[in-house]
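Hi there,

Here is the structure I promised to pass on. Have a look at it first, and my notes follow below.

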Amino acid sequence: MSDSPFTWHAGGCHCGGVRFEVALPAVVEAQSCNCSMCAKTGFVHIIVPESRFRITKGAERLAEYTFNTRVAKHMFCAECGIKGFYRPRSNPDGWSVNARCLDTTEGLDLRIAAFDGQNWEANASGLAHLSREPA
Amino acid sequence: MTELAGHCHCGAIRVDLETPRAAADLPLRACQCSFCRRHGALTTSDPDGHLHIEAAPGSANRYRFGHGVSDFLICAECGVYVAATQETDTGLIAVLNVRGVDLPGFEGREAQLMTYDGETPDERLARRKARWTPAVFVETNPSA
């Protein structure tokens, strides 16, 4: 029996072409960001380390968009435009999953805090721990 | 006459909404369908207004689902959902994603939650003709 505090949850885009899974604790710390990109996609961030995320279908259907420093890799389904996850500039060693794109949030205690991405430089370091792998 | 302008993140698709109403008097809707929820869409429209959608050549992907009669315009470059359009016997009509184009004048407003499950195709068309905005879609270079 596993003693992992995490449970795998599935999600995906709208057309069904892209699917993913993310391992989450029962209480999930999420961020709603006001930067120019997140404001336009309504992205609700759940940031996890590399080991707690996997693309299960459709990696080849992902389009990639970059701007400004081009560190963040904004990925979306080329068919339906849904951005289910991406490589965030704050956590390029991990992933940010869009809470809106989970199949269900039932059973999850999703706690969404405002993140001031309009002042990204002053605030991003506060997110760095979220993608750290356990020692 | 109020003129409200916006664009997707990369600027390839630009919109201009002309309306006789103040922005504060336009509706703000949060459709709860599986597409709009994932995009976090917040939409507006005005049957008495006019919406001009201008896209760089090839930048507007058209996604269809459900009844398959309307085009959901997605920017091919940045992935932002800009607007949905439908051809009718009286011309093209559209609903605009306020969030996707960061349309000014809606800040801090609570959106009305909408569900349209169970509509027949005829009921859906009638609702859209009554609420959506007469529109034109043109492809043109942003520098033109």
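Two strands pair if DSSP finds at least two bridges between them. That helps with the first spot to look at in this predicted model, which is where strands S7 and S8 of chain A run side by side. S7 covers residues 73-77 and S8 covers residues 85-87; they pair in the antiparallel sense, over 2 bridges. Across this pair, His74(A) stands opposite Tyr86(A) of S8(A).

Zooming out, S7 and S8 belong to an open sheet of 7 strands in chain A, with mixed pairing and the order S6-S7-S8-S9-S4-S3-S10. Strands S6 (62-65) and S10 (109-115) of chain A are at the edges with a single partner strand each, so one side of each has no neighbour in the sheet. From one strand to the next, the twist averages 35 degrees.

Now to chain B. Its strands S1 (residues 2-7) and S2 (residues 13-19) also pair in the antiparallel sense, here over 6 bridges. Thr2(B) has Thr19(B) in S2(B) as its bridge partner. The two strands make a hairpin with 5 residues between them, and Gly11(B) in the turn has a positive phi of about 90 degrees.

Which residues have the most contacts inside the largest nonpolar core? They are Ile13(B), Cys75(B), Val82(B), Ala83(B), Ala94(B) and Leu96(B), in a core of 70 residues. In soluble globular proteins, nonpolar side chains tend to be buried together. Leaving aside neighbours within four places in sequence, Ile13(B) is in contact with nine residues you can pick out on screen: His7(B), Cys8(B), Ile53(B), Ala55(B), Ser59(B), Ala60(B), Leu73(B), Cys75(B) and Val82(B). Two of these, Cys75(B) and Val82(B), are also on the list of residues with the most contacts in the core.

Then there is the place where the chains meet. Here 21 residues of chain B are in contact with 18 residues of chain A. On the chain B side, helix H1 (34-39), strand S6 (60-63) and helix H2 (98-101) each give two or more residues. H1(B) supplies the largest share, 5 residues. By type, that side of chain B divides into 9 nonpolar, 7 polar and 5 charged residues.

Finally, a word on confidence. The model scores ipTM 0.94 and pTM 0.96. Chain B averages a pLDDT of 96, and 98% of the residues score at least 70. Where pLDDT is low, the predicted coordinates should not be read in detail.

Enjoy looking around!

Best wishes

Definitions and conventions:
Residues are numbered from 1 along each chain as its sequence is written. Chains are lettered from A and ligands numbered from 1 in the order in which they are written. This is a predicted model: local features need pLDDT of at least 70, side-chain atom pairs count only at pLDDT 80 or more; totals for chains, interfaces and linings use all residues. Helices (H or I, at least four residues) and strands (E, at least two) are DSSP runs, numbered from the N terminus. Axes are lines fitted to C-alpha atoms, for helices over the stretch in contact, and angles run from 0 to 180 degrees between N-to-C directions. Two residues are in contact if their C-beta atoms, placed from the backbone, lie within 7 Å. Ala, Val, Leu, Ile, Met, Phe, Trp, Tyr, Cys and Pro count as nonpolar, Asp, Glu, Lys and Arg as charged, and the others, Gly among them, as polar. pLDDT is the predictor's confidence in each residue, from 0 to 100. A nonpolar core is a set of buried Ala, Val, Leu, Ile, Met, Phe, Trp, Tyr and Cys residues joined through C-beta atoms within 7 Å. A residue is buried if 20 or more other C-beta atoms lie within 10 Å of its own, exposed if 12 or fewer, and partly exposed in between; C-beta atoms are placed from the backbone.
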